[in-house]
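Work through the exercises below with the structure open. Try each task before you read its solution.

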Amino acid sequence: MTEAEITATEKAAPPAHPLLKLDSVDTYYGQIHILQGLNLEVQSGELVCLLGGNASGKSTTLKTILGIVQPRNGTVQFEGEDVTSRSTSYRIGKGIAIVPENRRLFGPMTVLENLEMGAYLHAGGAKEDFDRVYTLFPLLHERRRQLAGTLSGGEQQMVAMGRALMAKPRLLLMDEPSMGLAPILVERSFEIIKQVHESGVAMLIVEQNANVSLSIADRGYVLSTGRLVLEGPAAELREHEDLRKAYLGR
Amino acid sequence: MSETPGIPAPPEEPSEEQASRIGVDSWVAETERHGRGRGPLWQLARLWEYSPDPVKLLAFVALASTVPFWTNEGDLFVFGLFTLLYAALGLGLNVVVGFAGLLDLGYVAFFGIGAYTYAELSSSQYGIHWPAEATIPIAMAAAALVGVVLGFSARRLLGDYLAIVTLFLGQAFVFFTGVANPTVAGKGLTGGANGIPQLDPLTFFGYQLTSTKQLYFFLLIVVTLLATALYFANQSRTGRAWRALREDPLAAEVMSIPVNRLKILAFVFGAAVAGLCGTIYAAIETAAVSTNFSVSVLIIIYAVVILGGFGSIAGVFVGAIVINCTLEFLEPQNDHPEVKRWLFYGTIVLLIALLKPWFRPVLVLAGTIAFGFVVHAIVAATTAASWTSGVPVSGASWLARWAVIPTGSHGNFNNYLYIGLVVAVVCTASLKGWWRMIALVPTLYLTALVWENMLTQNGGITAFILFGAMLIGLMTVRPQGLLGTARVEIV
C-alpha cells in the first residue's frame, strides 16, 4: 500500500513546484567527481534525511544547495526558480538556512548577537523573530547575554538552530546535528528538530545516525560515494535489508 | 581642570558571594574570584572595568587636555603629540585587524598616501597652497580609493596571502616615493629620497595651527571623534558582523553576511583614517619623506594595537601611551636622567607589585637588592678595581655599590649584558610559578645593569631591542594584550 502511495506521488505532477529540487547534479572538486547525477527533492513542510557514510558526498550536497560549490552539470531549483548560478546570500534571502557542521557559532559573541547575525539580511531581526526563537528555546532567552563559546554542547546546538531560524527559512539544512553530542543529547536534539519541523519549516537533515533520523523523517535518501543508492519513505527505509546491515547494525 | 572626572569614590561592593553574573560562565566567574585582590590598585582596576566606555573616554580626554599645562614644548611634542598620533593610527588599524581580522601589512602606505597628498596640495612643490579643510578630505579620499582597489583585488585572499599582498603595497609605496620619483610637470613628483620639504602648516578657514599646543589640541579632538565613531561602529550591526567575520568567515557567509563587502569596508575605513593621520603627520613634520612610511613604523603601529589588545578601543590608547612614551623615553637625545631613572625603576617595581600573593613582590624585590650587593661584592673582591669603580649617571651613591659599573672599556661587557638580559627575559616569561619568581631576581638585576651601563649613556637602536624583549615578555604572559579579551574557543 505504501508503495502504491509513492508511485502516486511520483507520477502525479505536483501542482506547485517542490521547495527544493536538485536535477542530475554533478559536482567536482578539481578532477574528483563527488556528486554523480544526484536527484533530490524536498517538498514544502517535509522532513527529509540524507544518509550516508564518510566521504559519501553528504556535506557536498549541502554546499551545492547553498552555492558554496558550483555543480558542473545539472541545476539547483528553489521553488521552481533555477538558482544554480546565484550567490549564497541570494539563496539565503530566498529562504534557505543552514545549521553548519560543528555548529560554528561566533564564540566570543553573546547568544543575542549570534541570533542577530542569523537575521543579518532582515536588518538584525524583528521582535517577533526573537520571540519565535525564544518560545522554541526558552533557555536561550535566559542565556542571551552569555558568550556563546561558554555554553555547553547541547545549548550551543540550540543557539545554532535559533540562529538559522532567525532568517525565517522555509528550508532548513542541518549538517550532522548529532555530531559531538552525548547520546542523551542526540535524542534531545532530534526532539528539537521535530519541534522546529512541526512549526512548519521543511528540513533536510544530513546524518550518519540513521536510526534516530529515520525515526522522525518523512522520507530518506541514502548516498554512497556520490550516488543515490536508496530512497523512499522513512518507515520503509528503516525496514530495508541493506540499510539495516550498513547503518542500523541490527 | 584639576579634578578628573570618572574617578569618584569606589563603587559599592556587590554582595560578596554574588551568584555568577549574567553573561559570565560560572567557571569563569569562579576563576575571576580566585584572582581577586584588595588594595587601591585593584580598586582602580575594578573601577576601570565597571565604568562604561564613554566615561573612560571622557576621563582620558580630561586628563589629556591638562598635559600641555604641565609639560614644556619639547616634551609635549615628543610625548604628547606623537602618542595621540599613534593612538589615531592604532584606532584605524584596529578596525582592519582588530574588528575585521584582516592582516593588513600595507597600512603604513595609506598613512604615506595621506602625507604625500597633503605635500602635493599644500606646499611650494607645485605652488599649490590649498587649505587643510580641502586637502584633508582629498587625502582621505585618495587613501580610501587605494583601499578600495586593494580591497577588491584582495577580497578573496585570506590570512597569509592577504598579508603578502598588502606588504607588497607598503614596500611598493616606499620605493615609488623614494626611488621612482616620476617627473610630472617638470618636477619630481615625490621629491625622491629627500621627500617634499617645507609644507604649509595646517590651516583651517584661515586659522593656522602652528604651535605644538594648537596641534596637540587639534589631534586630541580628532582622536576623540575617531574613538567615538569607532565606538558606535563597533556597537552597530556592521561592527558585530565584522566580529562574526573575524571569528568564522564561512559561518558568516552562510548567515548571508556580505563578507566581501564588509572586508572592503573595513579596508576603506582603515585607509581613510590612516590618510587623515598622514596629513596631520606631514603638517607636523613640515615634510613628507618616504623613509617615514617604512616597515619599522608599521611595526610600531602594530605594537600599539597588539599591546593594547586587538579589538579594544581603550587598549589602543593604553598601547599608544606605553609604546610612544617608552620609545621616546629610551631615545638618547632625550635627557632627564634623574626622571628617567625614577620612571624606569618605578615601572619595574609597579609591575612586580602586581604579582600575587603579596609576599611574592616583596621577596622578589628584596632578593634582587640582596643579589645585587652580593654580585657587586664578589666582583669587587675577585677582579680589578676598574670593574666596579664606575659611577651611575647622576645617581644615588648606594647605586654604585649595588650595580656593577666598570670604568673605561671592558671589551664587549655591555653587549654581553644586553644579550644576557634578552635571554633572561625570554626564559623568565616561559617559566612558571616559583621558578619564574626565582628567575625574576637575576633578570631584574640584569635589567638594572643594562640600564646603568648602556641605556643611560647611549640608547639608539638598543632601545628597540629592549623594547622587543619587553613585548615578547608581555605577550607570553598575557597573549591577548593589556585590555584585550581572551579568545573563547569553541570545542
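**Exercise 1. Lay out the sheet of chain A. In what order do its six strands run, and which are the edge strands?**

Step 1. This is a predicted model. In chain A, six strands form an open sheet, in the order β6-β7-β8-β3-β9-β10. The pairing is mixed.

Step 2. Look for strands that pair on one side only. These are β6 (96-99) and β10 (227-233) of chain A, the edge strands.

Step 3. Add the twist. Ignoring direction, neighbouring strands of this sheet are turned by 15° against each other on average.

**Exercise 2. Trace the pairing of β6(A) with β7(A), then find which helices lie on the sheet.**

Step 1. Strand β7 covers residues 171-175 of chain A. It pairs with β6(A) in the parallel sense, over four bridges.

Step 2. Take one bridge. A:V99 has A:M174 in β7(A) as its partner.

Step 3. Turn to helix α2 (residues 58-66) of chain A. Helix α2 lies across β3 (47-52), β6, β7, β8 (202-207) and β9 (219-224) of chain A. It runs at about 145° to β7(A).

Step 4. Helix α8 (residues 183-198) of chain A also packs on the sheet. Helix α8 touches β3, β7 and β8 of chain A. Its direction makes about 155° with that of β8(A).

**Exercise 3. Examine β3(A). Is this strand enclosed or open, and what are its partners?**

Step 1. Check burial, which means under 20% relative accessible area. Six of the six residues of β3(A) are buried, so the strand is largely enclosed by the rest of the structure.

Step 2. Sort the side directions. In a regular strand the side chains alternate between the two faces of the sheet. Here A:L47, A:C49 and A:L51 point one way from β3(A), while A:V48, A:L50 and A:G52 point the other way.

Step 3. Go to β8(A). It pairs with β3(A) in the parallel sense over five bridges. A:L50 has A:V206 as its bridge partner there.

Step 4. Go to β9(A). Five bridges join it to β3(A), and the two run parallel. A:V48 is bridged to A:R219.

**Exercise 4. Move to chain B. At what angle do α4(B) and α9(B) pack, and which residues make the contact?**

Step 1. Helix α4 spans residues 73-99 and helix α9 residues 237-247 of chain B. They pack at about 50°, with their axes 9 Å apart.

Step 2. Classify the angle. The two helices are therefore oblique to each other.

Step 3. List the contact. α4(B) brings B:V95, B:G98 and B:F99; α9(B) brings B:W242, B:R243 and B:R246. These residues divide into three nonpolar, one polar and two charged.

**Exercise 5. Classify two aromatic pairs of chain B. Which is tilted, and which is edge-to-face?**

Step 1. Start with B:F60 and B:F317. Their rings lie 4.6 Å centre to centre, with 55° between the planes, and the pair is tilted.

Step 2. Place the pair. B:F60 lies in helix α3 (residues 53-70) and B:F317 in helix α13 (residues 313-330) of chain B, so the pair ties together parts 257 residues apart in sequence. Both B:F60 and B:F317 are buried.

Step 3. Now take B:F82 and B:Y281. Their centres are 6.2 Å apart and their planes at 85°, so this pair is edge-to-face.

Step 4. B:F82 sits in helix α4 and B:Y281 in helix α11 (residues 259-285) of chain B, 199 residues apart. Both B:F82 and B:Y281 are buried.

Technical notes. Residues are numbered from 1 along each chain as its sequence is written. Chains are lettered from A and ligands numbered from 1 in the order in which they are written. This is a predicted model: local features need pLDDT of at least 70, side-chain atom pairs count only at pLDDT 80 or more; totals for chains, interfaces and linings use all residues. Side-chain values use heavy atoms; hydrogens and water are left out. Axes are lines fitted to C-alpha atoms, for helices over the stretch in contact, and angles run from 0 to 180 degrees between N-to-C directions. Angles under 35 degrees count as roughly parallel, over 145 as roughly antiparallel, 65 to 115 as roughly perpendicular and the rest as oblique. Contact means heavy atoms within 4.5 Å. Ala, Val, Leu, Ile, Met, Phe, Trp, Tyr, Cys and Pro count as nonpolar, Asp, Glu, Lys and Arg as charged, and the others, Gly among them, as polar. Two strands pair if DSSP finds at least two bridges between them. Buried means under 20% relative accessible area, exposed over 50%, partly exposed in between (1.4 Å probe, protein chains only). Rings of Phe, Tyr and Trp (its six-membered ring) pair if their centres lie within 6.5 Å; planes under 30 degrees apart count as stacked, over 60 as edge-to-face and the rest as tilted.
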